[in-house]
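I set aside this page for notes on a single structure, to be filled in as I look things up. The entries follow the order in which I went through them.

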Amino acid sequence: MVENFNASWEGYFIFLGFSKWPHLEVVLFVVILIFYMMTLMGNLFIIILSHLDSHLHTPMYFFLSNLSALDLCYTTSSVPQLLFNLWGPKKTISYAVCMLQLYFVLALGTTECVLLVVMSYDRYVAVCKPLHYSVLMNPRFCQLLAAASWICGFTTSALHSSFTFWVPLCGHRKVDHFFCEVPALLQLSCVDIHANEMTLMVMSAIFVVIPLILILSSYAAIAWTVLEMQSTTRLQKVFGTCGAHLTVVSLFFIPIMCIYLQPSTKSSQDHAKFIALFYTVVTPSLNPLIYTLRNKDVRGAIKRLSRYEREK
C-alpha cells in the first residue's frame with residue numbers, strides 16, 4: 001500500500017470532466033468564468049462593506065463575512081483548475097495537487113455545514129430571545145463559534161481525506177469528474193472500498209443530516225414565535241433575514257445530499273457532475289445576491305459610504 005501511495009504521489013490524474021460533451025466545453029468555460037467573477041466580486045463586497053461600516057458590526061454580518069470568505073476559498077479551490085481544463089486539451093492534475101484540492105474542498109464544505117448551523121442559531125436567538133440577544137451573542141462568543149466551525153471543518157477533513165489518500169489505485173488515473181472528490185476517487189480503487197463508503201456515509205450523516213436537523217429545529221422554533229407576533233414591521237424583518245438564510249441553506253444542502261447520501265453508480269455520475277457544478281460554481285455566486293437584495297442594512301451602509309466618499 002505504501003509503494004502504491006508513493007507511486008501515485010509522483011504521478012497525475014486525468015479529469016474526464018465534461019469530455020462526453022466537447023461542444024459544451026467552450027460554453028461552460030464562459031458561463032463558469034462569469035459566475036466565478038460574480039463570486040469574487042459579490043463576496044469581497046460583503047466582506048469589505050461589513051468591515052468598513054460600523055452599523056454592520058453585528059453577529060449576523062460577522063457570520064455572513066465568514067460565509068463569504070468560505071465561498072471565496074471554496075470556489076477558488078476547484079474552479080481555476082476547472083477553467084484551465086476546459087480551455088485547453090490538457091486535463092491533468094498532479095497527485096499532490098489533487099490531494100490538496102480534496103483536503104480543502106472537504107474542509108471548506110464541512111466548515112460551511114457547521115457555520116450555517118451557527119447562523120441559524122444566531123437567527124433563533126435574535127427572534128426568540130431578543131431581550132437577551134446582546135448578552136448571548138456577545139462578540140467573544142461569536143468569535144468562538146466561528147473559530148469552532150473552521151477548526152471542526154479542517155480537523156475532520158484531515159481525518160477523512162487521509163483515509164482516502166491511502167486507498168490503493170493500482171495505476172488507475174482517469175477521474176470521472178472535474179475536480180478531486182471522494183466518491184470519484186474511490187471509484188479508481190482496485191480493492192474493496194466498503195469501509196471507505198461506510199465512512200463517507202457516516203461522515204455525511206454527521207455533517208449534513210445532523211446540521212440540517214438542527215437548522216430546521218431552529219426555524220421551527222422561529223416559526224412558532226413568528227405566529228405569536230403582532231408587529232407587522234418586525235414580521236417583515238424576520239422574514240427578510242430568515243428567508244435569505246433558509247434560501248442559502250436550501251441551495252447548499254439539497255445538492256450535497258443528492259451526491260453524498262446516495263450510492264454512487266456509473267449511471268448517476270454524469271448527473272453528479274452537473275449537481276456538483278451547481279454547488280461549487282452557482283451557489284457561492286448567488287449567496288451575496290440573496291443576502292443583499294432588498295436588504296435595508298446593506299443599502300443603508302452603501303449610502304453612508306457613498307456620502308462619506310463625497311464629503312472627502
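Which residues does Ser-218 touch, not counting residues up to four places away in sequence? I began with this question, keeping in mind that I am reading a predicted model. I found that Ser-218 touches Ser-120, Tyr-121 and Tyr-124 once residues up to four places away in sequence are left aside. I placed Ser-218 itself in helix α9, which covers residues 194–227, and I noted that Ser-218 counts as buried because its relative accessibility is 13%, where buried means under 20%.

**Entry: Tyr-121 and the nonpolar patch**

I then followed one of those contacts, Tyr-121, which lies in helix α5 (residues 95–128). Its relative accessibility is 32%, so I have entered Tyr-121 as partly exposed. I also found that Tyr-121 makes a nonpolar surface patch of about 320 Å² together with Leu-136, Phe-141 and Leu-144. Tyr-121 thus appears twice in my notes, as a contact of Ser-218 and as a member of this patch.

**Entry: overall figures**

Before going further I looked up the totals. The secondary structure comes to twelve helices and three strands, and buried residues make up 50% of the 312 residues in the protein. For the accessible surface I wrote down about 15,800 Å², with 70% of this belonging to carbon and sulfur atoms. Among contacts between residues at least 6 apart in sequence, 81% join residues at least 24 apart.

**Entry: salt bridges**

How many salt bridges does the structure hold? I have four on record, and I looked into several of them in turn.

I started with Lys-91 and Glu-25, whose closest N and O atoms are 3.4 Å apart. This pair links distant parts of the chain, since Lys-91 sits in the loop between α4 (79–87) and β2 (92–94) while Glu-25 belongs to helix α2 (residues 25–52), with their positions 66 residues apart in sequence. I entered Lys-91 as buried at a relative accessible area of 16%, and Glu-25 as buried at 11%.

Next I looked at Arg-304 and Asp-53, which form a salt bridge with their closest N and O atoms 3.0 Å apart. Arg-304 lies in helix α12 and Asp-53 in the loop between α2 and α3, so the pair ties together parts that are 251 residues apart in sequence. For Arg-304 I noted 27% relative accessibility, which counts as partly exposed, whereas Asp-53, at 4%, counts as buried.

I then turned to Lys-273 and Asp-176, whose side chains meet in a salt bridge at 2.6 Å, N to O. Because Lys-273 lies in helix α11 (residues 266–292) and Asp-176 in the loop between β3 (174–175) and α8 (182–186), I noted that the pair ties together parts 97 residues apart in sequence. Lys-273 is buried, with a relative accessible area of 1%, and Asp-176 is buried as well, with 14%.

**Entry: helix α3**

In helix α3 (residues 59–76) I looked up Ser-68. Is Ser-68 buried or exposed? At 1% relative accessibility I have to count Ser-68 as buried, and its contacts, not counting residues up to four places away in sequence, are Asn-43, Ile-46 and Ile-47.

I also found Phe-62 in helix α3, and its relative accessibility of 30% puts Phe-62 among the partly exposed residues. Leaving out residues up to four places away in sequence, I listed Cys-142, Gln-143 and Ala-146 as residues that Phe-62 touches. I checked a separation too: Phe-62 and Pro-139 are 77 residues apart in sequence, while their C-alpha atoms are 9.2 Å apart in space.

**Entry: positive charge on the surface**

Which residues gather in a patch of positive charge on the surface? I found Lys-296, Arg-299, Lys-303 and Arg-307 there. I looked more carefully at Lys-296, whose place is in helix α12 (residues 296–311). I entered Lys-296 as exposed, because its relative accessibility is 67% and exposed means over 50%. Helix α12 had already come up in these notes, since Arg-304, the partner of Asp-53, lies in that helix.

Note on methods. Residues are numbered from 1 along each chain as its sequence is written. This is a predicted model: local features need pLDDT of at least 70, side-chain atom pairs count only at pLDDT 80 or more; totals for chains, interfaces and linings use all residues. Side-chain values use heavy atoms; hydrogens and water are left out. Patches are made of residues with over 30% relative accessible area and no salt bridge: like charges are joined within 9 Å, nonpolar side chains (Val, Leu, Ile, Met, Phe, Trp, Tyr) within 5 Å. Accessible areas come from the Shrake-Rupley method with a 1.4 Å probe; for residues, only the protein chains shown count as cover. Lys and Arg count as positive and Asp and Glu as negative; His and the chain ends are not counted. The place of a charge is taken as NZ of Lys, CZ of Arg, CG of Asp or CD of Glu. Helices (H or I, at least four residues) and strands (E, at least two) are DSSP runs, numbered from the N terminus. Buried means under 20% relative accessible area, exposed over 50%, partly exposed in between (1.4 Å probe, protein chains only). Contact means heavy atoms within 4.5 Å.
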